Amino acid sequence: MVYPNGTAALSGINLKIEDGEFVFIVGKSGAGKTTLTKLLLREEKVTDGKLRVDDFRLEKMPKRKIPHLRRTMGVVFQDFRLFPNKTVYENVAFAMRVIGEKSSVIKQRVPYFLNLVELTDKAGSFPTELSGGEQQRVAFARAIANNPKMVIADEPTGNVDPEMSRDLMDLLIRINKLGKTVIVITHDHYLVEQFKKRTVTLDEGRIVGDRNGGVAVEA
Amino acid sequence: MKLRNIPHLLGQGFVSFWRNGVMTTAAILVLICCMLVLGSFYAVVDNLGAFIDNEIDSLKTVSAYVDASASSEDVEGIEAQLKALAAEEGSNVISFEHVTKDEVLKQMMESSDELREVLEKYTSENNPLPETFYIKFESFDGVQTLLRNLEGIFGAGNIKSQVVTYESLKDLRSTAAMVGLWLMVILLIVAVLVIMNTVKLTVYARRKEIAIMRYIGATSVFVVAPFIVEGVLIGLVATVISCGLQFLLYNNVITDLINDYAALKINLVPAMDYVPLIPLAFLAIGLFAGVVASAISVKKHLDV
């Protein structure tokens with residue numbers, strides 16, 4: 001992947017993540033983690049090579065199909081990216097509206113997800129009225145509201161206390177156990193060591209390590 | 001997009017309209033200002049045109065003077081010829097009025113104090129003014145034929161028309177109309193650009209929101225639709241407020257300004273004569289600016 005200014009953000013990448021896997025993507029700042037997320041979301045297009053997510057071939061996918069690709073995944077962004085002028089309930093409901101879910105289903109499922117992230121009592125609050133951790137939990141609820149095949153979490157523990165961090169990771173593991181693919185992008189080595197999951201290490205745009213639960217499988 | 005999303009998208013337009021209060025208010029205020037400038041300018045130009053038209057109407061009278069040597073039988077003969085001319089189809093004559101020498105003298109003395117002083121020494125016996133016929137005609141189009149016919153009745157040199165004044169006013173009218181039209185077009189373009197820029201700014205302020213919608217998987221239609229609903233609402237609210245303010249402005253400020261500063265007494269066009277033209281024009285500008293600007297501006301931020 002080469003940016004228009006000539007910077008090669010990712011090169012020589014050969015990575016396959018199976019359905020239902022739990023993978024940590026780790027690396028220093030500038031290693032290519034963000035670019036990888038952008039490629040998966042088709043925010044950027046691969047300049048060379050192939051990239052496949054579910055049934056979508058991203059290197060030749062037309063723009064009009066981007067919304068359909070993004071509906072297959074739930075993303076928790078590091079900066080949460082919540083709608084500032086929508087309430088917690090509306091933020092979660094919006095993801096379901098996008099896929100044309102019935103209002104009756106939305107009314108039934110949004111409280112369920114808010115309960116799951118322990119934010120039932122904040123349903124009517126706006127994001128600016130929430131703490132960082134609460135905002136992140138809203139982002140989690142929104143990410144899983146559509147029952148996506150894959151959940152991508154970008155630095156999910158960066159803005160929460162250790163206890164909440166543990167709870168969020170437990171939530172991701174539960175999601176993974178439901179058969180969903182989970183990709184966690186982080187630079188928190190403690191987190192990676194704690195959970196013993198497949199870990200792909202990026203450095204200067206290349207994969208420099210790929211360990212499966214602590215066992216190196218490919219480098 | 002699924003049909004069941006339509007009520008939601010409409011509702012989102014209304015919700016955003018309220019929740020983005022500051023930017024919405026800014027857009028509405030800019031729209032109102034532009035509409036009022038346009039509406040007021042149109043009203044002034046239209047009143048100027050109406051004034052010139054009224055002046056032209058008042059010029060549609062020919063004064064024909066009876067020769068001083070004519071006897072009362074000659075005058076009766078002239079009157080009979082005028083009646084016959086007025087009865088002719090296509091004669092362009094609407095009516096005529098016969099004014100005796102004494103009445104002419106009286107009318108002139110009443111018309112101004114200066115003339116009264118000059119004419120005071122004259123009586124019925126020494127009145128130098130001629131017996132006069134005022135002939136009202138329909139249109140300046142056939143006025144030359146009418147003047148020739150009247151010269152045949154009264155003799156050359158006894159006819160006074162306002163054709164020269166009419167030609168000058170006609171030129172002034174077409175120049176004013178042309179200048180007014182161009183200024184309106186320029187003003188309209190400037191107004192639409194200002195409004196579109198304001199709407200663009202309101203959308204720009206929400207570009208992150210648009211990006212989030214796209215990250216979640218919203219289609220272009222799903223993102224754009226609430227903004228268009230919002231644009232329609234902004235256009236409608238601005239139109240309603242502008243119509244009310246324009247009515248007040250016209251009936252008070254513009255009327256006072258024209259009456260206070262115009263050298264001539266002008267009978268203003270009634271405000272209700274601009275209904276439905278101005279409200280419809282405001283609505284068209286409001287909706288065009290609100291909807292088109294929203295759609296164009298949102299589209300720019302869709303590519304994420």
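**Notebook: charges and one sheet**

I looked up Lys122(A) first and noted it as partly exposed, at 23% relative accessibility. The model is a predicted one, and I read every value below with that in mind.

Next I checked what Lys122(A) pairs with. I found a salt bridge to Glu134(A), with the closest N and O atoms 3.8 Å apart. The two residues are 12 apart and link distant parts of the chain: Glu134(A) sits in helix H5 of chain A, and Lys122(A) in the loop between H4 and H5 of chain A. I then looked up the cover on the acid: Glu134(A) has a relative accessible area of 15% and is buried, because the cut-off for buried is under 20%.

I stayed with the loop between helix H4 (103-116) and helix H5 (132-144) of chain A, and placed Glu118(A) there. Is Glu118(A) buried or exposed? I read 57% relative accessibility, so Glu118(A) counts as exposed. I also found Glu118(A) in a negative surface patch, together with Asp161(A), Glu163(A) and Asp167(A).

I then ran through the salt bridges of the whole structure and noted 15 over all chains. Which chains does the pair Glu90(A) and Arg19(B) join, and from which helices? Glu90(A) lies in helix H3 (residues 88-98) of chain A and Arg19(B) in helix H1 (residues 5-19) of chain B, so this pair joins two chains. For the contact itself I noted 2.8 Å between the closest N and O atoms. I looked up the accessibility of both partners: Glu90(A) is partly exposed at 23%, and Arg19(B) is partly exposed at 33%.

In chain B I looked up Lys60(B), whose side chain meets that of Asp57(B) in a salt bridge of 3.2 Å, N to O. Lys60(B) is buried, with a relative accessible area of 19%, whereas Asp57(B) is partly exposed at 46%. I also noted a network in chain A, where salt bridges with shared partners join Glu21(A), Arg198(A) and Asp210(A).

Last, I turned to the sheet of chain B. I recorded an open sheet of four strands in the order S2-S3-S1-S4, with antiparallel pairing. Which strands form its edges? I noted strand S2 (93-99) and strand S4 (159-160) of chain B, each of which pairs on one side only. Strand S1 (residues 61-65) and strand S3 (residues 132-137) of chain B are paired in the antiparallel sense over five bridges. Within chain B, I found Thr61(B) standing opposite Lys136(B) in S3(B).

Note on methods
Residues numbered from 1 in each chain as written. Chains lettered and ligands numbered in written order. Predicted model: local features only at pLDDT ≥ 70, side-chain atom pairs only at ≥ 80, totals over all residues. Heavy atoms only, no water. Patch = residues over 30% accessible without salt bridge, like charges linked within 9 Å, V, L, I, M, F, W, Y side chains within 5 Å. Areas by Shrake-Rupley, 256 points an atom, 1.4 Å probe, with all protein chains shown as cover. Salt bridge = Lys/Arg side-chain N within 4 Å of Asp/Glu carboxyl O. Lys, Arg positive; Asp, Glu negative; His and termini not counted. Charge placed at Lys NZ, Arg CZ, Asp CG, Glu CD. Buried < 20%, exposed > 50% of the residue type's maximum accessible area, 1.4 Å probe, protein only. Pairing = 2+ DSSP bridges.
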